[in-house]
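Here are my notes, set out as numbered points to read with the model open beside you. Please take a look at the chains before you begin.

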Amino acid sequence: MKEILVISGKGGAGKTSLTAALAGLMAPCVLVDCDVDAADLHLLLQPKVQETHPFISGQEPVLDASRCVGCGRCEELCRFEAIRLSPAGQPGFVPGACEGCGVCADHCPAEAIAMTPRQCGEWHRSTTSAGTMIHARLFPGAENSGKLVAAIRKTAKETALAQGCDFLLSDGPPGIGCPVIASLSGVDFALLVTEPSVSGLHDLRRIIELVRGFEVDFQVVINKADIHPAMTADIEDFCQSQRIDVAGKISYSRLFVETLRRGHTVMAHPGSEPEQEIMALWKHLSSLKAFQKTPNNDKETKA
Amino acid sequence: MKVAVASGKGGTGKTTVSLALAAAAETPCLLLDCDVEEPNCHLFTSAEPWRTEGVDVLVPEFLGEGCDGCGSCVRSCRFNALAGFGRKVMVFAEMCHACGGCVLACPHGALREIPYPIGRLEFRHAEGFELITGVMNVGYAMAPPLIRQLKTHLPTSGLAVLDCPPGTSCSMVTSVRDCDFVVLVTEPTPFGLHDLRLAVETLAELKLPCGVIVNRAEPGVPLIHDYCQEAGLPILLEIPLSRQIAETCSAGGGLLDACPDLKEPLQALLAQTLPGLLAGRSVAS
């Protein structure tokens, strides 16, 4: 089983549209949406939710107001601006600011604060036409997005192995922070989606630096390549200078938005330009070593 | 007035709108690029930084002397950033949330805090406004400390625009917190609508007022309008779907270069619409 991640650095480069299109070509596969705070893959793959589970991770403080003496020690020690004192000196916890370190509880002289397990979101196991999909919703402003990503990847991996699938396909989050790092560690191949713009190239350079740190095999795909041919050429030159292979180019097409509005992918339109370009991309990818079927290797027996 | 420009979905045009707002402003404006993982505002100005400031967090360093192997520090850490081996403690700085709990927990003074670099702030005199960009070091996972440091440069009065990271998790919340108004930039696609709903839900929890800019707007696609009407959200501006805008911005140009007609509506947004909405809100509350 090979774990393939679609990732971009910059948001809106086309990760989800490309992931959904590739899913049909890799089917039967297992899908995982690692963009847990703004998951969108389900809008294209129309999963039927089979199971929903709470995601409990880390802790949050709870105040016992009857014990609080209003000394303000908690507010003074908190490094996250997560505590604001009322005029009477009682702490209020700022939504989305607490990182769950427990310093306020551990050092409250009146023992008025307790740390309790925190539900940060929920995750689902669903079925789609391409295979099982694991997806999640991190609660607004919640911490621990990286841990939620790690948890759903683990479930997805176990599912893929149990079902004997050749591929686990991940739709990655934007950026280079904790959910991206959690999406990237240990995958077999990362497909870096970029677009021909100054922002696209800038963000590509940063994500490449990150991916190289993980020693993950990767290639680049240039989406909306014809929007700015000179910038596309700059990206190709940059990749060549870095000895990075460009796996394919996809032209800007209204068909992406039109099919999205109808809740399916461009692959439902055989012969269209996007369908042809994605088929060519898949032909290239499926010839790569990272995409070759593996017999039960030690990684699988361990899991 | 502190105006945050956010969106659930990435790539909807937050940076384009932030830069256009800052460029159109008739009063002095400070633009903060809070998308510290992938900051882009500086790519649209030719100005070089006139000042750069390193940003550190405080992580523990094990001093050794005094440690009796009691394990208080290891037990106090909820992030598994410390491991104890007898009278020796190992620190995993990249796991550390810099809460300071371990140093407080050690009864023997065997730990102290030392700076750990996580990124930098870059200050630029851009064309018509000041820009401060947060840049997180590649490989570091946690953006909020850098965003908090960036936001210490917010002025107490005057206009500030904050270009926020995508999503609805801690980085976005840290960026929008304590702003006066949040401008949500979206596009009329199911992705845009879905992520707009998530962002609106998040801002409701934070009790922050917001309005919507529809980017890549197309006549006859009511998706966002229908939702905004239902949710009682004002549509502040529509930016038309245009290949010319896409091409100009791809090459590092601004929205107002491609579409000078938008300057007046953006000025009206800053000078009239947003102050009006905020005044109405304070009367209502």
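1. Is B:Ala98 buried or exposed? B:Ala98 is buried, since 23 other C-beta atoms lie within 10 Å. The cut-offs are these: buried takes 20 or more other C-beta atoms within 10 Å of the residue's own, exposed takes 12 or fewer, and partly exposed is in between, with C-beta atoms placed from the backbone. You will find B:Ala98 in the loop between strand E5 (88–91) and helix H3 (101–105) of chain B. Its phi is near 60°, a positive value in a residue other than glycine.

2. A word on the source: this is a predicted model, in which local features need pLDDT of at least 70 and side-chain atom pairs count only at pLDDT 80 or more, while totals for chains, interfaces and linings use all residues. Residues are numbered from 1 along each chain as its sequence is written, and chains are lettered from A and ligands numbered from 1 in the order in which they are written.

3. Another positive phi sits in chain A. A:Glu111 is not a glycine, yet has a phi of about 50°. A:Glu111 belongs to the loop between H4 and E6 of chain A, and counts as exposed because it has 11 C-beta neighbours inside 10 Å.

4. While you are looking at loops, please check A:Pro28. The peptide bond between A:Ala27 and A:Pro28 is cis, with omega about -5°. A:Pro28 lies in the loop between helix H1 (15–26) and E2 of chain A.

5. Now for chain A as a whole. It has 11 helices and 11 strands; these are DSSP runs numbered from the N terminus, with helices (H or I) of at least four residues and strands (E) of at least two. The C-alpha atoms of chain A fill a box of roughly 70 × 45 × 40 Å along the principal axes. Of the 303 residues in chain A, 53% are buried. Take the contacts in chain A between residues at least 6 apart in sequence: 75% of them join residues at least 24 apart. Here, contact means that the C-beta atoms of two residues, placed from the backbone, lie within 7 Å.

6. The sheet of chain A is worth tracing by eye. It is an open sheet of 9 strands, in the order E3-E6-E7-E2-E8-E1-E9-E10-E11, with mixed pairing. Strands pair if DSSP finds at least two bridges between them. E3 and strand E11 (246–249) are the edge strands, each pairing on one side only. From one strand to the next, the twist averages 20°. Within this chain, strand E2 (residues 30–33) and strand E7 (residues 131–138) pair in the parallel sense over 2 bridges; A:Val32 stands opposite A:Ile134 in E7(A).

7. Which strands does H7(A) lie across? They are E1, strand E9 (189–194) and strand E10 (217–222) of chain A, and H7(A) runs at about 165° to E9(A). H5(A) lies across strand E1 (2–7), E2, E3, strand E6 (113–128), E7 and strand E8 (167–171), running at about 170° to E7(A). Such angles run from 0 to 180 degrees between N-to-C directions, and axes are lines fitted to C-alpha atoms, for helices over the stretch in contact.

8. How many residues does each chain bring to the contact between chains A and B? Chain A gives 52 residues and chain B gives 49 residues. On the side of chain A that touches chain B, H7(A) has the largest share, 8 residues. That side divides into 20 nonpolar, 20 polar and 12 charged residues. Nonpolar here covers Ala, Val, Leu, Ile, Met, Phe, Trp, Tyr, Cys and Pro; charged covers Asp, Glu, Lys and Arg; the others, Gly among them, are polar.

9. Back in chain B, please look at B:Cys67, in the loop between strand E3 (51–62) and helix H2 (72–76). B:Cys67 counts as buried because it has 20 C-beta neighbours inside 10 Å. Leaving out residues up to four places away in sequence, B:Cys67 touches B:Arg87, B:Val89, B:His108 and B:Ala110. B:Cys67 and B:Val89 are 22 residues apart in sequence, and their C-alpha atoms are 8.8 Å apart in space.
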